[in-house]
Amino acid sequence: MSRRGLLLLGQCMPCVKQNASKIRIRRMEMDKNLNMYFKKDEFYFAHDPQKVCKTGDVVLIRELPERLTRLITHNVEKVVYPLGDITDPMTGKKVVVGKYREDIEMANQLFGKSEKAFDYDKAPPRGRLEGTKDFTHGETYIKYHEDGKDQPFAV
């Protein structure tokens, strides 16, 4: 069976490479001695010239027919779930902690909405705080030494 058409689901991690994203694929590996499964992470570099995915996003990647470079072996297909906006994969509904947003709004209509309650419909999309509190868009680099200065984009 050919593995070229295989899609992998993974999480985007901070990456130093240009035109690429580092994707973590988490698998469960069976330990025969303990008869238990343990997490095993594999990292792939995926071609992403438009920087579609940001750190923390869950993305689909597909293996390229031939390698672009020695490290870049996959291509980013699409962003499945952006970070911070949790969606139930079975129903497709938005989730807050352990409840659907629809159920929360229905309860608010029945019992009255609090003045301090957060309104998800009026909330801006991700990226509003880029440069102030959200640094996932910044160019990352490898921190080679400690010089006492703040280095927010260092990996």
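**Note on ring pairs, core and a buried aspartate**

1. The structure, which is a predicted model, holds one aromatic pair. The pair is formed by Phe118 and Tyr120, whose ring centres lie 4.8 Å apart and whose planes stand at 75 degrees, so the arrangement is edge-to-face. As for the surroundings of the two residues, Phe118 counts as exposed because its relative accessibility is 53%, while Tyr120, with a relative accessible area of 33%, is partly exposed.

2. Two lysines should be noted for their positions over aromatic rings: Lys22 lies over the face of Phe43, at 4.9 Å from the ring centre, and Lys93 lies over the face of Tyr100, at 5.1 Å from the ring centre.

3. The largest nonpolar core consists of ten residues, namely Leu8, Cys12, Ile23, Ile25, Tyr44, Ala46, Cys53, Val59, Ile61 and Val76. Two or more residues of this core come from each of strand S1 (7-13), strand S2 (20-31), strand S3 (36-47) and strand S4 (58-63).

4. Within this core, Tyr44 merits a closer look. Leaving aside residues up to four places away in sequence, Tyr44 touches Leu8, Ser21, Lys22, Ile23, Ile25, Arg27, Ile61, Thr73 and His74.

5. Is Asp57, which sits in the loop between S3 and S4, buried or exposed? At 3% relative accessibility it counts as buried, because the cut-off for that class is under 20%. Polar atoms of the Asp57 side chain lie 3.0 Å from the backbone nitrogen of Lys54 and 2.8 Å from the backbone nitrogen of Leu83.

Technical notes
Residues numbered from 1 in each chain as written. Predicted model: local features only at pLDDT ≥ 70, side-chain atom pairs only at ≥ 80, totals over all residues. Heavy atoms only, no water. Core = buried A, V, L, I, M, F, W, Y, C linked by side-chain atoms within 4.5 Å. Buried < 20%, exposed > 50% of the residue type's maximum accessible area, 1.4 Å probe, protein only. Helix = DSSP H or I, 4+ residues; strand = E, 2+ residues; numbered from the N terminus. Contact = heavy atoms within 4.5 Å. Phe/Tyr/Trp six-rings, centres within 6.5 Å; stacked < 30°, edge-to-face > 60°. Lys NZ or Arg CZ within 6 Å of the ring centre and 35° of its normal. Polar contact = N/O pair within 3.5 Å; in protein donor to acceptor, adjacent residues only side chain to side chain.
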